[in-house]
Amino acid sequence: MKREKLAEKFFNRPTLAVARSLLGKFIVRKYGGKEIALMITEVEAYDGFKDRASHASRGKTARNAPMFGRPGYWYVYFTYGMHWLINIVTRETGYPAAALIRGGLTVDRSGEPVKVSGPAKTAKFLKITGKFSGLPANTRTGFWIEDRGIRIPKQKIRRGRRIGVDYAGKIWASKSWRFFIAGFRS
DNA sequence: ACGATGATGAAC
DNA sequence: TTCATCATCGTA
């Protein structure tokens, strides 16, 4: 099986292009000597200083600093008092942008496909917490993204508005910056 | 439809 | 230092 780790240059591209091309890639977590893997099926883009739905829109803080940093690094944050959410940083250093991983597909012990639907469930499934925020995505940190040769045909890719960002105002809330594989809307 | 549950940031 | 808000989920 092809297993090609995605490097910084993959993420140092326009955020929408990165988000779209993350569909079908595998997010892999080394845990307890084993690997937990999920094929990414849903992603949202948060891009730039002006995106009012983005944590970066109010400037750099200790929490969101990774968004302003190098591409290919994790931005993991805590929300709703109980959930961790996973983002991978995009674009060049200094430009705040990231892609939120919202869902994936795995297989259970008997080989049946199992949907992991929702960003908090995704983080829980991969056993990810804030410890990873600011770390690079690679095998050394034990948490990375790889290409296993699966290509999602264009006609299977859907897009729509981002979830839970109505507070960001009409312009930003209505951006069609959420990408998912047909049949995997969470 | 709503409660759980805590960090964040803006207002006071 | 207080308070409303929040890139959610599970139960109803």
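Mentor: A strand is a DSSP run of E, at least two residues, numbered from the N terminus. We apply that to a predicted model.

Trainee: What makes strand 3 stand out in the lining of the second largest pocket?

Mentor: Its share. Strand 3 supplies six residues, the largest share of that lining.

Trainee: Which residues lie nearest the centre of the second largest pocket?

Mentor: E35, A37, T106, V107 and F125, out of 15 lining residues. Strand 3 and strand 6 are the elements that give two or more residues to this lining. A residue counts as lining if it has an atom within 4 Å of a pocket point, so these five qualify.

Trainee: How many charged residues does this lining have?

Mentor: Six, with eight nonpolar and one polar. Glu counts as charged, so E35 belongs to the charged class. The volume of this pocket is about 340 Å³.

Trainee: What is the volume of the largest pocket?

Mentor: About 450 Å³. Its lining has 24 residues, with Y46, Y77, L85, L100 and I163 nearest the centre. Strand 3 (34-47), strand 4 (74-79), strand 5 (83-89), strand 6 (97-107) and helix 4 (119-126) each give two or more residues.

Trainee: Which element gives the most there?

Mentor: Strand 4, with four residues.

Trainee: How does the lining of the largest pocket divide by class?

Mentor: Into 15 nonpolar, six polar and three charged residues. Tyr, Leu and Ile all count as nonpolar, so the five residues nearest the centre belong to the nonpolar class.

Conventions:
Residues are numbered from 1 along each chain as its sequence is written. Chains are lettered from A and ligands numbered from 1 in the order in which they are written. This is a predicted model: local features need pLDDT of at least 70, side-chain atom pairs count only at pLDDT 80 or more; totals for chains, interfaces and linings use all residues. Side-chain values use heavy atoms; hydrogens and water are left out. On a 1 Å grid over the protein atoms alone, a cavity is a set of points where a 1.4 Å probe fits but cannot get out, and a pocket is an open set with protein on both sides within 12 Å along at least five of seven lines; lining residues have an atom within 4 Å of a point. Grid points are joined across faces, edges and corners, and a volume is the space filled by probe spheres set on the points.
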